[in-house]
Amino acid sequence: MAYVINDACIDVADKACREECPVDCIYEGDRMLYIHPDECVDCGKCVTACPNGAIASEHKLSGDAERFRDIAVEFFEAFPEAEGGAEDVGAVGSDHPVVAAWPSGGGA
């Protein structure tokens, strides 16, 4: 895994990051986007494309954002059909339980 999307994406999901991703590894849940940890090539293009500051290197996560590394891994374990390219898969239509239970309005 190289980059992680955090709670600043919940209920916002701008999707500008998806347009910049050269390997199509940013998948759409119901309330937020998730970067596939095994497909990300660590290019960083998504970071500068995100207008919400919701993406960071897994090595630069701090505080509450650190749990989103595990949330991404667990999301893809729960939805194995979400691999091989986000565009082909389309919206997964579900989220990790932590994200699904997050208070409306997203963010911290």
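Q: Is C25 buried or exposed, and what is its relative accessible area?
A: A quick note before we start: this is a predicted model, where local features need pLDDT of at least 70, side-chain atom pairs count only at pLDDT 80 or more, and totals for chains, interfaces and linings use all residues. Residues are numbered from 1 along each chain as its sequence is written, and side-chain values use heavy atoms, with hydrogens and water left out. Buried means under 20% relative accessible area, exposed means over 50%, and partly exposed is in between (1.4 Å probe, protein chains only). By that yardstick C25 is buried, with a relative accessible area of 2%.

Q: How many disulfides does the structure hold?
A: A disulfide here is a pair of cysteine sulfur atoms within 2.5 Å. For C25, the nearest cysteine sulfur belongs to C21 and is 3.6 Å away. For C43, the nearest is also that of C21, at 6.0 Å. The count of disulfides in the structure is zero.

Q: Which element gives the largest share of the largest nonpolar core?
A: A nonpolar core is a set of buried Ala, Val, Leu, Ile, Met, Phe, Trp, Tyr and Cys residues joined through side-chain atoms within 4.5 Å, and the largest one has 34 residues. Elements are DSSP runs numbered from the N terminus: helices (H or I) have at least four residues and strands (E) at least two. Those giving two or more residues to this core include β1 (3-5), β4 (55-57) and α3 (67-78). The largest share, four residues, comes from α3.

Q: Which residues is F68 in contact with, leaving aside its neighbours within four places in sequence?
A: F68 is one of the residues with the most contacts inside the largest core. Contact just means heavy atoms within 4.5 Å. With those neighbours left out, the partners of F68 are V4, I5, N6, D7, I10, M32, V99 and W102.

Q: Which residue forms a salt bridge with D11?
A: A salt bridge is a side-chain nitrogen of Lys or Arg within 4 Å of a carboxyl oxygen of Asp or Glu. D11 sits in the loop between β1 and α1 (16-20) and its partner in the loop between β2 and β3, so the pair ties together parts 20 residues apart in sequence. The closest N and O atoms are 2.6 Å apart, and the partner is R31.

Q: Which residues are linked in a network of salt bridges?
A: E28 meets K15 in a salt bridge at 3.2 Å, N to O. R18 also forms one with E28, the closest N and O atoms being 3.3 Å apart. The network is made of K15, R18 and E28.
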